[in-house]
Amino acid sequence: MSDPGTRAAADEPRSPWLRGGFVLAAAFIGFVTVVAGAVVFTSDTSGPDTGAGTPRPPADRAAAPSSSPPGADGPCPELADTRQDVPTAAPRGVTWTLFGAVAVPSSGASGPAVTGKDVAHCYARTPVGALLATSQISVRYLAADDWRKVTRLQMVGAGRDAYIAGRTSAEKKPSTDRDGGAHGQIAGFRFVTYEESTSVIQTVWRFPDGRMQAATTTVLWRDGDWRLEYPAAPVAPIPVGSLAGYIQWGGV
C-alpha cells in the first residue's frame, strides 16, 4: 500500500487501493520492491485458536472439495481450521512475513498452505481463512513481479479484466515516482459479513505518518479456494481516525 497523500492519475487502473488518493500518482508501477530474505514476526497469541471449534458440516466439504487455482502447481492440502465463528480477537498462530515492504499474515491451520514466489493460495473455508486470503491477495496482486498471474488466478469480478488492461497500459508509460511512495501496513480489521461462500472484510491500513484508511474487500469461495472480488466500480477507501470498532492486528 502506498502513501494516500496524492490523488492517483486519472488513467490508472481503478482499484480499491489505487483510487481516491490512496497512492502517489503512478506509484503502483513500483509501489513496493520485493527484497531478498523474509523478515518474520509472530502475532500476539491472544484471541481465538483457529485449530479447534465448530467443525464445518461434511456436506460443505463435499460441495466444494479442496483444489488448487487453475494453473497453480499441485493440489491444496487439507487444513486444520474448521471454525465458522467470526473472530472477536486477533487470530492465534499467525506469523507475519514481509512481501517486499508490506507484512502479510499466514497460518499453518488456516493458510495459505501453498506459497510460491508470487502466488499464495489454499486457504481454509473459514472466517480466518477468508481474512488471510484478503490480506495476502490484496498485497500480492499489486506488488508481485508477476501480478498478472496473481490477478488471473486469485481474482474474480466484473472489473478484473479492465484492471489488467488498464494497468498494462499504464505500465508502458514512464513513472515519475522514484521510490514507490511510503508503504501502508495492516493495522486492524473487522468483518462486515461472513457466509461460507462470501466474506466482506474491512481492513485498516496505517501509513508511516500515522494516517489510516479502511478498505472494504470481498472474497468469494470459488473452485476450492477464496478469490478476491474486483467489482466494476470499486469502493474508495475511507479515512479513519482510530482503531475503535476494529480488532487490532498487524505485523509491523
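Let's start at cysteine 76, which you will find in the loop between H1 and E2. Please keep in mind that this is a predicted model. Is cysteine 76 buried or exposed? Its relative accessible area is 10%, and the cut-off for buried is under 20%, so cysteine 76 is buried. Across from that loop, the C-alpha atom of cysteine 76 is separated by 9.9 Å from the C-alpha atom of alanine 124, a residue 48 positions away along the chain.

Now, what does cysteine 76 pair with? The partner is cysteine 122, and the two form a disulfide with their sulfur atoms 1.8 Å apart. The structure holds one disulfide, and this is it. The angle about the S-S bond is -80 degrees, which makes the link left-handed. As for what the bond connects, cysteine 76 sits in the loop between helix H1, residues 58-63, and strand E2, residues 94-99, while cysteine 122 sits in the loop between E5 and H2, so the pair ties together parts 46 residues apart in sequence.

Let me stay with cysteine 122 for a moment. Like cysteine 76, cysteine 122 is buried, and its relative accessible area is 2%. Please also look at its backbone: cysteine 122 has a positive phi of about 75 degrees, although it is not a glycine. For context, most residues other than glycine have a negative phi, and most peptide bonds are trans.

With that in mind, here are two further backbone spots to click on. Which other residue has a positive phi without being a glycine? Aspartate 223 does, with phi near 55 degrees. You will find aspartate 223 in the loop between strand E9, residues 212-222, and E10. Aspartate 223 has 55% relative accessibility, and since exposed means over 50%, this residue counts as exposed. So of the pair we have just looked at, cysteine 122 is buried and aspartate 223 is exposed.

The other spot is a peptide bond. Going from glycine 111 to proline 112, the bond is cis, with omega near 0 degrees. Proline 112 belongs to the loop between strand E3, residues 102-107, and strand E4, residues 114-115.

Next, the helices, and I would like to put H3 in the middle of the screen. H3 covers residues 147-154, and its buried residues are Trp147, Val150, Thr151, Leu153 and Gln154. What do those buried residues pack against? Their neighbours are strand E5 at 120-121, helix H2 at 127-143, strand E6 at 155-156, helix H4 at 160-171 and strand E10 at 225-229.

Two of those neighbours are helices, so let's take them in turn. Two packed helices are described by the angle between their axes and the distance between the axes.

With H2, the axes come within 7 Å of H3 and cross at roughly 140 degrees. That angle makes H2 oblique to H3. The crossing of H2 past H3 is left-handed. On the H2 side the residues are Ile137, Arg140 and Tyr141, and they meet Trp147, Val150, Thr151 and Gln154 of H3. Sorting the residues of this contact gives four nonpolar, two polar and one charged.

With H4, the axes come within 10 Å of H3 and cross at roughly 175 degrees. Why call that pair roughly antiparallel? The term applies to angles over 145 degrees, so H3 is roughly antiparallel to H4. Here Trp147, Arg148, Thr151 and Arg152 of H3 meet Arg160, Tyr163, Ile164, Arg167, Thr168 and Glu171 of H4. This time the residues divide into three nonpolar, two polar and five charged. If you compare the lists, Trp147 and Thr151 of H3 appear in the contact with H2 and again in the contact with H4.

One stop towards the end of the chain: glycine 251 lies in the segment after strand E12, residues 247-248. Glycine 251 counts as buried, at 11% relative accessibility. Its C-alpha atom is separated by 7.9 Å from that of glutamine 185, and those two residues are 66 apart along the chain.

Finally, let's zoom out to the whole chain. How many helices and strands are there? The protein chain has four helices and 12 strands. Of its 252 residues, buried ones make up 52%. And among contacts between residues at least 6 apart in sequence, 67% join residues at least 24 apart.

Technical notes. Residues numbered from 1 in each chain as written. Predicted model: local features only at pLDDT ≥ 70, side-chain atom pairs only at ≥ 80, totals over all residues. Heavy atoms only, no water. Buried < 20%, exposed > 50% of the residue type's maximum accessible area, 1.4 Å probe, protein only. Helix = DSSP H or I, 4+ residues; strand = E, 2+ residues; numbered from the N terminus. Contact = heavy atoms within 4.5 Å. Axes fitted to C-alpha atoms, helices over the stretch in contact; angles between N-to-C directions. Parallel < 35°, antiparallel > 145°, perpendicular 65-115°, else oblique. Left-handed = near helix turned anticlockwise from the far one by under 90°. Nonpolar A, V, L, I, M, F, W, Y, C, P; charged D, E, K, R; others polar. Disulfide = S-S within 2.5 Å.
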